[in-house]
Amino acid sequence: MMFVCQTVSVASLQRIAGIGCLLLLALVGCQNATEPAAVPPADGPKIAVRFVFEFGEGEPVEVALDAVPAGSTVADAMRQIAEMPDTVQLEIVGKGDMTFVQSINGKTTSGNEGWSYYVNEEWAQEGVGAIELEDGDLVRWTYGESEF
């Protein structure tokens with residue numbers, strides 16, 4: 001009987017472990033991406049909210065929504081705006097807490113410039129899919145150099 005012993009370098013083991021971690025993250029990420037987002041009932045109570053988009057030059061664009069289903073998130077309301085003609089063009093990806101605003105009127109994050117948003121003049125510390133709106137809220141998006 002003959003045994004063959006082969007040595008494996010530490011770098012090879014690290015590569016294998018790294019690939020395994022990436023595959024695990026992809027699997028977990030795909031499972032979360034298929035979970036349906038909780039959508040507030042369209043026939044329930046409504047709230048009114050206002051959005052202001054500041055592009056760094058020119059006049060800001062204001063959009064008022066007066067029939068947002070109660071329980072909606074910033075992302076839900078922005079999807080309503082995205083369906084409105086003659087407002088701002090929004091590219092929104094993801095679902096639920098993992099919703100991300102890719103671009104507003106074609107402007108994306110570039111270098112140290114990008115979009116920040118505020119709810120009632122307070123910097124939002126959560127994603128657009130996590131913050132639930134209340135009646136009378138003001139959501140302000142600003143494009144410029146990162147403050148953080």
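Reader: How much area does the protein chain expose, and what share do carbon and sulfur atoms supply?

Author: Accessible areas come from the Shrake-Rupley method with a 1.4 Å probe. Here the protein chain exposes about 10200 Å², and carbon and sulfur atoms supply 56% of that. Keep in mind that this is a predicted model, where local features need pLDDT of at least 70, side-chain atom pairs count only at pLDDT 80 or more, and totals for chains, interfaces and linings use all residues. Residues are numbered from 1 along each chain as its sequence is written, and side-chain values use heavy atoms, leaving out hydrogens and water.

Reader: What percentage of the residues is buried?

Author: Buried means under 20% relative accessible area (1.4 Å probe, protein chains only). Of the 148 residues in the protein chain, 29% are buried.

Reader: Which helices and strands should I look for, and in what order?

Author: Helices (H or I, at least four residues) and strands (E, at least two) are DSSP runs, numbered from the N terminus. You'll find two helices and seven strands, running α-β-β-α-β-β-β-β-β from the N terminus.

Reader: How do strands pair, and in what order do they sit in the sheet?

Author: Strands of a sheet pair through backbone hydrogen bonds, either parallel or antiparallel. To count as a pair, two strands need at least two DSSP bridges between them. In this open sheet, five strands follow the order E2-E1-E7-E5-E6, with mixed pairing. Strands E2 (61-69) and E6 (122-123) each have a single partner strand, so one side of each is left without a neighbour in the sheet. Strands E5 (residues 113-119) and E7 (residues 138-145) are antiparallel, with seven bridges; Ser116 stands opposite Thr142 in E7.

Conventions. Buried means under 20% relative accessible area, exposed over 50%, partly exposed in between (1.4 Å probe, protein chains only).
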